[in-house]
Amino acid sequence: WWTVRGEGEATSSEHRIDVRFSPLVIHTNRNWKTAHSASTTRTNATFHVAVDGTEASSEVGLPPFKPGIYEGTAEDCRDLSIRFAYHLTFLLGTRVLASGTTSACRETLNLAQKGGDGGLAIEPASERERILVTALRALDGCAASGRHPNAALALVETAILRCLSRAMGTPVPSLLDVCGGHQGPVRCFYTVGMAADRNLLAEDVRYGSGNTQFLKFKLDKDAEKALEVFSALEAEGLLVAGRRTVAIDANCSWDPEFAMDFLARLQKYLPHVYMIEQPFPFEMPFSEAAKVGAGWARFKDKCTECGIVVYADESMRTSADVAALRPYCHGVNIKLEKAGGYREAARAWKACKASGMGVWLGCMVGTALNCNVIVEILGLSDGSVDLDGFLLTSPGCQPCDPSFRLAEGPDGLKGCIELKVAE
């Protein structure tokens, strides 16, 4: 915490700043298995920011480490939180009247003391708002070192911007200059992990469909398992004629030959499939394997013929990835932990809109807090998201309630996001 003097005409005023990092142990409702990994317990991270009583929190989901894709641990987040406090102390300088942090060694920080608005579309008007922009500058100084993973940067940045949004009475998208996004209903998919047997699969399907009729299934390179999934959906009466309510997440596990065979073997069920996510290996779009890339381009074309869209997830990290992904998919899944926060997510959204690509918003395995952070930018999606973390994790580890409910949409199907009205 810091107590600081105001600047300029506000030098006689005093302001209180509080920040807090906390690890958050989460437990999944079931053994969470994907083509990457399996786990029942994870340690996420939370961050809290308050300035003069205006406060906001954030959470990042931290999956098992996978180079280039899932990078960042709770310890990384803690390290950034400490460095951020040092940088903020430095930028506040002689304005600090008292603090509960270790003083920064100014000679080692190498930061400019002036300038920088955090890349925001709206100018701060009050001293409280200016302090939060200073906090963004401190974070950007940390990011410039290149030592902190994007998940850690997203943790601190989203808390600061949520707090600034509340201080200014301005929605986060307005701060980011991304107004004019999707205005219609947004469907929320529940993700069904890879089950050990059909009974467990049916149990998870029933639980998920009790909350939303839109379901996403984790699959690996096993067409028989895929047929079991659709058979289970059929048995539960969840395949609605004329409605595409199913998404498939292959988590990088397919090759072009299997992908084409998948479409052929599951032809009966394709009218129910809305999206296939990340069928190709993570590195494929960025490699020189032109022959393999051509196979994935043909798969995209075949999916187009079937009325199915292909989205990138693991391969989609920041706006710099969008151009390389365009030949192989119709859109991308933007996740804050991989992007590094709201500002880079906004840049990625603009890159997608400029190249005619769709945007899906997703979350890592986390609690309602993680989902609430993402729902602030719901309009960046094109109408489909999987903000289901609060359904995947046990009630006992939820630090708050979701800021939205899953309601019946205009098409009569349950699972559209409806924001709760603040009391």
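Which residue in β16 is the bridge partner of Leu-406? In this predicted model, in which local features need pLDDT of at least 70, side-chain atom pairs count only at pLDDT 80 or more, and totals for chains, interfaces and linings use all residues, the partner of Leu-406 is Ile-417. Residues are numbered from 1 along each chain as its sequence is written, and side-chain values use heavy atoms, with hydrogens and water left out.

The two strands concerned are β15 (residues 404-408) and β16 (residues 414-419), which pair in the antiparallel sense over five bridges. Strands (E, at least two residues) and helices (H or I, at least four) are DSSP runs numbered from the N terminus, and two strands pair if DSSP finds at least two bridges between them. The hairpin of β15 and β16 has five residues between the strands, and Gly-412 in this hairpin takes a positive phi near 85°.

Most residues other than glycine have a negative phi. A positive phi is nevertheless found in Asp-52, near 50°, and in Asn-251, likewise near 50°. Asp-52 is placed in the loop between β3 (38-51) and β4 (54-60), whereas Asn-251 is placed in the loop between β9 (246-249) and α7 (256-265). The exposure of each residue is classed by relative accessible area: buried means under 20%, exposed over 50%, and partly exposed in between (1.4 Å probe, protein chains only). Asp-52 counts as partly exposed because its relative accessibility is 35%; Asn-251 counts as buried because its relative accessibility is 3%.

The structure holds 24 salt bridges, a salt bridge being a side-chain nitrogen of Lys or Arg within 4 Å of a carboxyl oxygen of Asp or Glu. One of these joins the side chains of Asp-18 and Arg-16, at 2.9 Å from N to O. Asp-18 is partly exposed at 25% relative accessibility, and Arg-16 is partly exposed with a relative accessible area of 36%.

A further salt bridge is formed by Arg-343 and Glu-157, whose closest N and O atoms are 2.9 Å apart. Arg-343 lies in helix α11 (residues 342-355) and Glu-157 in helix α3 (residues 150-168), so this pair ties together parts that are 186 residues apart in sequence. Both Arg-343 and Glu-157 are buried.

Arg-162 and Glu-376 also form a salt bridge, with the closest N and O atoms 2.9 Å apart. This pair links distant parts of the chain, 214 residues apart: Arg-162 is in helix α3, and Glu-376 is in the loop between α12 (368-375) and β14 (384-386). Arg-162 is buried, at 7% relative accessibility, while Glu-376 is partly exposed, at 24%. In addition, Glu-7, Arg-95, Glu-127 and Arg-130 are linked in a network of salt bridges.

Arg-187, in strand β6 (residues 187-188), is buried yet has no salt bridge. The nearest side chain of opposite charge is that of Asp-411, 5.9 Å away; for this purpose Lys and Arg count as positive and Asp and Glu as negative, while His and the chain ends are not counted. The side chain of Arg-187 is joined to that of Ser-384 by a polar contact of 3.0 Å. A polar contact is a pair of N or O atoms within 3.5 Å; within protein, one must be able to donate a hydrogen and the other to accept it, and residues adjacent in sequence count only if both atoms are side-chain atoms. Not counting residues up to four places away in sequence, Arg-187 touches several residues, including Phe-214, Arg-244, Tyr-274 and Cys-416, where contact means heavy atoms within 4.5 Å.
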